[in-house]
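Let's take a walk through this fold together, one piece at a time. Keep the viewer open and turn the model as you read.

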Amino acid sequence: MPPSKVGRCTVFGELAAGGMATVFVGRLAGAAGFARRVAIKSLHAQYAKDPDFLAMFLDEARLSGRIQHPNVVRVLDVIASESELYLVLEYIEGEALSKLVRLLRARGDFVPVAISVAILIGVLDGLHAAHGACSEDGQPLEIVHRDVSPQNVLVGIDGLPRILDFGIAKAVGRMQTTRGDQLKGKLAYMAPEHLAREGLDRRADVYAAGILLWELLTGARLFQADDEISTFRRALEAKVEPPSSVRPELPKDLDRVVLRALAKSPSERFQTARDFSYELEKSGLAASLRDVSAWVQATAGDSLRERAARLAEYEASHEASRPFTAVDADSSPSTVFPDALAARLRAGDAATAMLATPAERKPTLPSRGWLGAAALMLLLAALGVSRLFRDPTESVVSTTDAAASMPRMPVEVAPPPAPIALSAMPTVEPAGQVPAVSGAETEARRGSPARAAAPAAPPRQPIGKAAPHKKRNCETPFTVDAHGVRVPKLECL
């Protein structure tokens, strides 16, 4: 029985079991009700006490953490619980490629050519990211997966194939080293140099990917035999036939690509997984992600729906029995909310844990009394300034009857300009200009309410005396705003 809780993860049930570990499905919980579905990988009891297997288990976490690519399953966390270790992996909704192939074989069907090519392109892109991964100080890790097989490829319902299980990967500077008398991996997918216990590099993974493509295209096993000795001999000595020899309807262009990937000599293969992927892309045979997604759901629809219903039941029962708290008791310090923020959580809403809405505040507007006082102060200040610069010769006029309700307010009127002799005016008038007026007309205009025309060159004002302002529509020297407050016109001050 799996533990009910591992660190911040709640374990629901078993998802899959392999030769060395079991994968459970669970939920990784955080503060404020945050949670995400995860896969939790645990070593079998007989291996958990073996230092070599524990070191290999930690290698997987360390190496996978250095690989960031959509076609590689990510390791999210490592949890130590008493004497056991758990890897927390991202949960991929989909099926292992091995199960998809097995379902098709049971129906007597093959993986479509376009689907096979698309899956291999994704696997090769993920392998290339692993081969090029670097350490924290930028040094190449030279990772070799060494176990590329259908069991270690997940095809999601999003159409993305992902490579996983770097537990037996070889890397420079790894904590755990392989014993000299051990062969790790699956014999049917090992490169000749791997079987001969020679040095390995990324081209060994290229060879294994070539075997994977050959089997997807043909629907048959390339080197697999009834026992390990026969499998070992076939993988080391057998001649590889082109895929079209098994299925004549296959495109001949794929024969050349597959046979190059399966060359016995590493120097004759594709030197990188990206080169292999590029050749497959150039063939133009790859299906789209949408097509791969539809194929996965059509092939494994029953098992996917059954698993989805089981997980929904797990999560629903967990939510019903889980009392909500702002912070889980075993949460890491980075997930703890400050007290002031946690106090705003709605304890009664465990599903959403929304922050409480602050009390509504109405905007405050200034009262009319303040507006009136401000207008009065502005008016008094304007009057004070006008009196300061008042000329003794200026006359004072009163307001009209329309402003009789307002206290009388003196308005400064600028003195009329000095008479201008007609002889001083130019005798030639430009076209379109108003003709000059006579002296009598000038005198008559001085006494009229209208202002006489300004001279061409107004006299200089004495220093310390303000220049006269033009008065425009100042019979009523104020306006009334929306609140009924009289506001003086600035041009009339």
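**A guided walk through the model**

Strands β3 and β4 make a hairpin, with five residues lying between them, and in that turn alanine 32 has a positive phi of about 60 degrees. Keep in mind as you look that this is a predicted model. The two arms of the hairpin, β3 (residues 21–29) and β4 (residues 35–43), run antiparallel and are joined by nine bridges. To find your place in the ladder, look for leucine 28, which stands opposite arginine 36 in β4.

From β4 you can step on to another partner. Strand β6 (residues 84–90) runs antiparallel to β4, and five bridges join the two. Here a handy landmark is lysine 41, which stands opposite leucine 87 in β6.

Now move along to another set of strands. Strands β7, β8 and β9, in that order, build an open sheet of three strands with antiparallel pairing. Its edges are β7 (94–96) and β9 (161–163), each of which pairs on one side only. If you compare neighbouring strands in this sheet, they are turned by 25 degrees against each other on average, direction ignored. Strand β8 covers residues 153–156, and three bridges tie β8 to β9, the two running antiparallel. Where does valine 153 find its bridge partner in β9? The partner is isoleucine 163.

Between α4 and β8 there is a loop worth a pause. Most residues other than glycine have a negative phi. Glutamate 142, which is not a glycine, nevertheless has a positive phi of about 55 degrees, and this residue lies in the loop between α4 and β8. Arginine 146 is not a glycine either, and its phi is also positive, at about 70 degrees. You will find arginine 146 in the loop between α4 and β8 too.

Next, the helices. Helix α4 (residues 113–131) packs with helix α10 (residues 289–299) at an angle of about 110 degrees, and their axes are 10 Å apart. Angles of 65 to 115 degrees count as roughly perpendicular, and α4 and α10 are therefore roughly perpendicular to each other. On the α4 side the contact is made by Ile115, Ala118 and Ile119, and on the α10 side by Asp291, Val292 and Trp295. Sorted by character, the residues of this contact between α4 and α10 are five nonpolar, no polar and one charged.

A second helix pair is α6 (residues 202–218) with α8 (residues 252–261), packed at an angle of about 145 degrees with axes 8 Å apart. The crossing of α6 past α8 is left-handed. Which residues of α6 meet α8? They are Val206, Tyr207, Gly210, Leu213, Trp214 and Leu217, and across from them in α8 are Leu254, Val258 and Ala261. The contact of α6 with α8 counts eight nonpolar residues, one polar and no charged.

Finally, a word on confidence. The chain has a mean pLDDT of 74, and 64% of its residues reach 70 or more. Over residues 392–407 the pLDDT is below 50, and this stretch has 25 contacts in the model beyond near neighbours in sequence. Residues 420–445 likewise have a pLDDT below 50, and for this stretch the model shows 13 contacts beyond near neighbours in sequence.

Key:
Residues numbered from 1 in each chain as written. Predicted model: local features only at pLDDT ≥ 70, side-chain atom pairs only at ≥ 80, totals over all residues. Heavy atoms only, no water. Pairing = 2+ DSSP bridges. Helix = DSSP H or I, 4+ residues; strand = E, 2+ residues; numbered from the N terminus. Axes fitted to C-alpha atoms, helices over the stretch in contact; angles between N-to-C directions. pLDDT = per-residue confidence, 0-100. Contact = heavy atoms within 4.5 Å. Left-handed = near helix turned anticlockwise from the far one by under 90°. Nonpolar A, V, L, I, M, F, W, Y, C, P; charged D, E, K, R; others polar. Parallel < 35°, antiparallel > 145°, perpendicular 65-115°, else oblique.
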